[in-house]
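Trainee: I have a model open and some questions about how its parts fit together. Can we go through them one by one?

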Amino acid sequence: VENAVVILSVDLEKAKAMRTVRTLCPTQSGRRLGAVIVRQCSATFTDAAADPVWLDNLYCKAALTPPELQRAVHVAHLPSKGRGILANTDLEPGELLMVSKPLAYVTCPMGSIPSAEDLITVMKKSNYNTEELRILNSLFSGVDDEDNKDDTCSGLNLDDFKLSGIIGCNSFGEEFTDFPSYLARSHAHANGIDGNRNVVSGGAEHDTASWSNPPSGEEQVGHLGIFPSFSMLNHSCLPNAVNFVVGGRMLVVAARSIQKGSEVLINYLGRASLRPLEERQAQLAEGYYFSCDCPRCRAELYYCCTDVAEASGTTNPFGTLAECLQDFLARVDTRNSVLDQLGRAAAASVTTNDDGGDARAILDGLLDSVRQDVRKWDDHVQRAQPPLAAVLDEGMGPEVPQSWLHASAFDLYSQHAVLAEATGRRQEALAAVERQVAICEVVAPSSDLHMYLSVKLALLAQQQEQAEGGNGGGRDKGLVAGVQGQWEAKCGLEGGSDRVAAEWRRCRAVLQRRYGKGLSDGTLSTLLQEAVYGLSQVVV
């Protein structure tokens, strides 16, 4: 069933497994960005007027907790999709669309996610008012129980099975919070700008300190919550909005231009949206019981059935484009295994005094291998027969679906960037990261991955300029020092090359689209500084 949630039955363990998470894989150098997954639900919420005055304070004052907000969008019943969010007017990238208050929200130390049982415990102890009970009772729990729903609910008369289903279908969890806003709010507190943050628990707010909320300010935490209004958003592999948690509230911001009457769509899959069609559809079917019918998926489905053509025009004996892509990605996994072995060998050499003389030769060989695969895949995509006009949106040229195919091979391009950087090919690494950023612009605009790769590109351009003896001397006191100036002073870019200045301007534009187009230059500068630090904490 396309674009519909159909769940006939659900057991307790499956409900727990459906809990939505962003998975992080610890590494020696940082943490890998993983999948952000959310879930549909049935709920109502109150419209509110947007006040842009507090937008700067939201990111710079830990004590500020924004109110529930719905701006320029409304809930609508959509054919074959249930409920969704539509735009009331034409929207621009960077417009804040929603602030969603959780009905329940729990935290734990960074690196893990609170369990469903933790959330159930909080919910059972909470004193919900009548409206909160009505909303909670209306949430989808994994079974078709619409006939048994009652708009008036006298109490939380739900067993663990029903609560687990509600949590499985509607919760949002991550092993960490948004790094730039978290750091900005924490540093503001440390500088004496404001008081303790609020702890949100079961819909109530308390000015208390705990192991997850020390009096010194905000702490980076894992978290799990139910955000009813946010749960109304549907999925697309070409999302036009981005979401993240700030101060215990879920923010939704337009990531593209959205026409009046169009649906506001987010990405349920996170990093997995940069995988091939069959993997994306499998995750959606397994976790959400629906398939995606966005333009990208339709076009890629057409490509998947197309045989690869050689330069001579003959058919490639290796089969379809989809099969070739899986072969390339399998070789990515093989090279990653070699890189893991090199990493373990390098760690062992610290105690054995082994200089690892063959490591450089192995890395060079891996780089040659990934270069060949990148060239071959690009050639396959270029020669692929474009989808029929009926598959694509009106006015869409063949270069657009080709860019979607590049996105599905993102791990290949990512590995190219890693190996080029590891072997000291700065210029090649710069070009590879620039390609990653271009892919994110197409399929993951304003995502945290898009932001961090844009920052990485600017830092690489700055390093390259300094290595070549360019005129970037004003920014040679460390990577973070290069962005200390506020945007009023062009972020300290005076005297730098046009390329470096252009990359920092690109970062500014990405930050504006992610956090809000109405932010002041000072706040954008602060968030940029924190994004530079955040890049050191994740592996992109």
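Trainee: How many aromatic pairs does the structure hold?

Mentor: Keep in mind that this is a predicted model. Rings pair if their centres lie within 6.5 Å. By that cut-off, the count of aromatic pairs is nine.

Trainee: Take F172 and F230. What is the geometry of their aromatic pair?

Mentor: The ring centres of F172 and F230 are 5.9 Å apart. Their planes stand at 90°. Planes over 60 degrees apart count as edge-to-face. So the F172 and F230 pair is edge-to-face.

Trainee: How many residues apart are F172 and F230?

Mentor: F172 sits in strand β7, residues 171-174. F230 is in the loop between β10 (221-226) and β11 (234-235). The pair therefore links distant parts of the chain, and the separation is 58 residues.

Trainee: Is F230 buried or exposed?

Mentor: Buried means under 20% relative accessible area. F172 has 1%, so F172 passes. F230 has 2%. F230 therefore counts as buried.

Trainee: Next, Y302 and Y303. Which of these two is partly exposed, and which is buried?

Mentor: They form an edge-to-face pair, 6.3 Å centre to centre with 75° between the planes. Y303 has 1% relative accessibility, so Y303 is buried. Y302 has 26%, and the partly exposed range runs from 20% to 50%. The partly exposed residue is therefore Y302.

Trainee: Which residues do ring pairs link into a cluster?

Mentor: Look for rings joined through ring pairs. The cluster consists of Y59, F244 and Y515.

Trainee: Now the open sheet of three strands. What is its strand order?

Mentor: The pairing is antiparallel. The edge strands are β6 (104-109) and β7, each pairing on one side only. The twist averages 10° from one strand to the next. The order is β6-β10-β7.

Trainee: Over how many bridges do β7 and β10 pair?

Mentor: Strands of a sheet pair through backbone hydrogen bonds, either parallel or antiparallel. Here β7 and β10 take the antiparallel sense. S171 stands opposite I226 in β10, and E174 has H223 as its bridge partner. The number of bridges is four.

Trainee: Which residues of β7 are buried on each side?

Mentor: Both faces of β7 are covered. One side has S171 and G173. The other side has F172 and E174.

Trainee: Which helix lies across β7 and β10?

Mentor: Two helices need sorting here. Helix α3 (residues 116-125) lies across β6 and β10, at about 135° to β6. The helix across β7 and β10 spans residues 160-170 and runs at about 65° to β7. That helix is α5.

Trainee: Are α15 and α16 roughly parallel or roughly perpendicular?

Mentor: The axes of α15 (residues 498-515) and α16 (residues 521-535) come within 10 Å. They cross at roughly 105°. Angles of 65 to 115 degrees count as roughly perpendicular. So α15 and α16 are roughly perpendicular.

Trainee: Which residues of α16 does α15 meet?

Mentor: From α15 come W504, C507, R508, L511, Q512 and Y515. Y515 also belongs to the ring cluster with Y59 and F244. On the α16 side are D521, L524, L527, L528 and V532.

Trainee: Why is helix α11 largely enclosed by the rest of the structure?

Mentor: Helix α11 covers residues 399-408. Its buried residues are P401, Q402, S403, W404, L405, H406, A407 and S408. The helix is largely enclosed because the buried share is eight of the ten residues.

Trainee: Let's turn to L453. Which residues is it in contact with, leaving aside its neighbours within four places in sequence?

Mentor: L453 is in helix α14, residues 448-467. Its relative accessible area is 0%, so L453 is buried. Contact means heavy atoms within 4.5 Å. The partners are F410, V433, Q436, V437, C440 and V540.

Trainee: Last one, on the protein overall. What percentage of the residues is buried?

Mentor: The protein has 16 helices and 17 strands. Its accessible surface comes to about 22,400 Å², with 51% belonging to carbon and sulfur atoms. Of the 540 residues, the buried portion is 55%.

Note on methods:
Residues numbered from 1 in each chain as written. Predicted model: local features only at pLDDT ≥ 70, side-chain atom pairs only at ≥ 80, totals over all residues. Heavy atoms only, no water. Buried < 20%, exposed > 50% of the residue type's maximum accessible area, 1.4 Å probe, protein only. Areas by Shrake-Rupley, 256 points an atom, 1.4 Å probe, with all protein chains shown as cover. Phe/Tyr/Trp six-rings, centres within 6.5 Å; stacked < 30°, edge-to-face > 60°. Pairing = 2+ DSSP bridges. Axes fitted to C-alpha atoms, helices over the stretch in contact; angles between N-to-C directions. Parallel < 35°, antiparallel > 145°, perpendicular 65-115°, else oblique.
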